[in-house]
Amino acid sequence: MSGPDDEIRDDAPEGMVRRTRKVRKRRKGGKTKEEGKAHADSLFAKAKDLLVGMEEEEVEMGHVDVAEQVRRLQKGKEEEKVLDDVWGTKRKSTSWLWIILAGMIVSVVAIIIGVTKWLSDDPRQEIDLSGMGSSVGTVGEVDLSQGPLGWFHDNSLQVLAEVEEIIAQANAATDAETIAKLVRDSPSRSEGDLDPALWGSDCLTNPTSGFSWQPKLIRSSEGAGAYTRGVLKVNGRRIDGEPYEAYFVHINDKLLLDWDASLGLSQMSVAQVAEKKPRNEVLLRCRISKKTSYDQEFGKVTYSGYVISGEASDQFFLAYVPLEAERGKIIDRDLRLLLNYGSFVTDRPPFQNKKVTVRVRYNPQVGSEGVFEIVEFLHNGWASP
């Protein structure tokens, strides 16, 4: 092999390509004396600066013995741990203390609110007055000590005790005669409507079951006589966990269970009406809703449309109110007021699935296949005035 100082020969064998490379010759002499001295001075300066820095750090930090070094290493390892692993530290204990205190405060506030609601005997409460005619169409503050609700205000503790007793007796009833002694009369009641089995599983009245009560003012429509009555609605849960809603009325100095309203009894169910299409008027306790798209025009008559529904989501049918006669206009007006539909008095949206009691029938002479008509709007809710 040729070294870097080999001479380049021109007598290469024929057929071979001569390869050449450029060789940089070494500098025969090293650095000059001045350059070497400058380089040494630079290295000396850097070393000096490094030593000075170390001395300054030692002066500021002071001497660190072996015990102190071990302590600092242990402290560093503690700080690297996840907070949840440092169970005994002050930070962990403080966090859990605040969580426990917050939970206790929330629990105490909830108990105070519940006890206050349970023991409240304020004679002025918000009563649902929506719906019946132009004179009653708003929700306002009503003095319970006066008018149809006075009986509840004057004897509230006694009334609640009687409510619990009536519910207990209905839970234990085994025959229709026992139920008949607890409930108000009803002209529309059919045979078998007082069957205790219709009551369902036992209704609970203890505080843990969500038992609550609300006095309500109900009024029948103008066509049904415009009667007004105060009722007591109670809510809670049954022993099987299902919710219940029961109504009580005060008649002749006696508190009675409105059996028909509590069970939502009708002459026919919503599903039966939709299937059998009765041409005679049928009393129906149901829920009602309205939208603009429900309105129809058959022939030259405009019909205001409503959806009649039962408690199950698949039980419903469309029913109409003809607006050619004054009676129909009054029914439609009262239903609209009940639902807060098209009202400019308040900015609340219309109610949906509002409880009502109406009379309906099937009219085969309207439209191509016939329609259901609302022939009478009896009252808001299911409890009769």
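This report walks through the fold, ring contacts, surface and loops of a predicted model.

## The chain as a whole

Let's start with the overall picture. The chain contains nine helices and twelve strands. Of its 385 residues, 33% are buried. Among contacts with a separation of 6 or more, 52% join residues that sit 24 or more positions apart.

The accessible surface of the chain is about 25700 Å², and carbon and sulfur atoms account for 53% of that area.

## Aromatic pairs

If you like to look at side chains, the rings are a good place to go next. The structure has seven aromatic pairs. One of them is formed by phenylalanine 298 and tyrosine 320, which meet edge-to-face, with 5.6 Å from centre to centre and 85° between the planes. The label edge-to-face applies because the planes are over 60 degrees apart. Phenylalanine 298 belongs to strand S8 (residues 296-298) and tyrosine 320 to strand S10 (residues 316-322), so this pair ties together parts that are 22 residues apart in sequence. Phenylalanine 298 is partly exposed, at 22% relative accessibility, whereas tyrosine 320 is buried, at 8%.

Another pair brings together phenylalanine 317 and phenylalanine 372, with ring centres 4.5 Å apart and planes at 40°, so this pair counts as tilted. Here phenylalanine 317 comes from strand S10 and phenylalanine 372 from strand S12 (residues 371-380), so the pair ties together parts that are 55 residues apart in sequence. Phenylalanine 317 is buried, with a relative accessibility of 5%, and phenylalanine 372 is buried as well, at 8%.

Ring pairs can also link up. Phe298, Tyr303 and Tyr320 are connected by ring pairs into a cluster.

## A lysine over two rings

Lysine 290 deserves a look of its own. Its position is over the face of tyrosine 306, 4.6 Å from the ring centre. Lysine 290 also lies over the face of tyrosine 341, this time at 5.4 Å from the ring centre.

## On the helices

Turning to the surface, Ile100, Leu101 and Met104 make a nonpolar patch of about 280 Å². Isoleucine 100 is part of helix H3 (residues 90-119). With 48% relative accessibility, isoleucine 100 counts as partly exposed, because the exposed class begins over 50%.

Glutamate 165 sits in helix H5 (residues 156-172) and is partly exposed, at 44% relative accessibility. Between the C-alpha atoms of glutamate 165 and threonine 205 the distance is 9.6 Å, while the two residues are 40 positions apart in sequence.

## Two loop residues with positive phi

Two backbone positions are worth checking on your screen. Lysine 277 has a phi near 50°, a positive value in a residue other than glycine. You will find lysine 277 in the loop between helix H8 (270-276) and strand S7 (282-289). Lysine 277 is partly exposed, with a relative accessible area of 39%.

Asparagine 340 is not a glycine either, yet has a positive phi of about 55°. The loop that holds asparagine 340 runs between helix H9 (326-339) and strand S11 (354-363). Is asparagine 340 buried or exposed? At 8% relative accessibility, asparagine 340 counts as buried, because buried means under 20%.

Terms used:
Residues are numbered from 1 along each chain as its sequence is written. This is a predicted model: local features need pLDDT of at least 70, side-chain atom pairs count only at pLDDT 80 or more; totals for chains, interfaces and linings use all residues. Side-chain values use heavy atoms; hydrogens and water are left out. Rings of Phe, Tyr and Trp (its six-membered ring) pair if their centres lie within 6.5 Å; planes under 30 degrees apart count as stacked, over 60 as edge-to-face and the rest as tilted. Helices (H or I, at least four residues) and strands (E, at least two) are DSSP runs, numbered from the N terminus. Buried means under 20% relative accessible area, exposed over 50%, partly exposed in between (1.4 Å probe, protein chains only). A charge sits over a ring if NZ of Lys or CZ of Arg is within 6 Å of the ring centre and within 35 degrees of the ring normal. Patches are made of residues with over 30% relative accessible area and no salt bridge: like charges are joined within 9 Å, nonpolar side chains (Val, Leu, Ile, Met, Phe, Trp, Tyr) within 5 Å. Accessible areas come from the Shrake-Rupley method with a 1.4 Å probe; for residues, only the protein chains shown count as cover. A salt bridge is a side-chain nitrogen of Lys or Arg within 4 Å of a carboxyl oxygen of Asp or Glu. Contact means heavy atoms within 4.5 Å.
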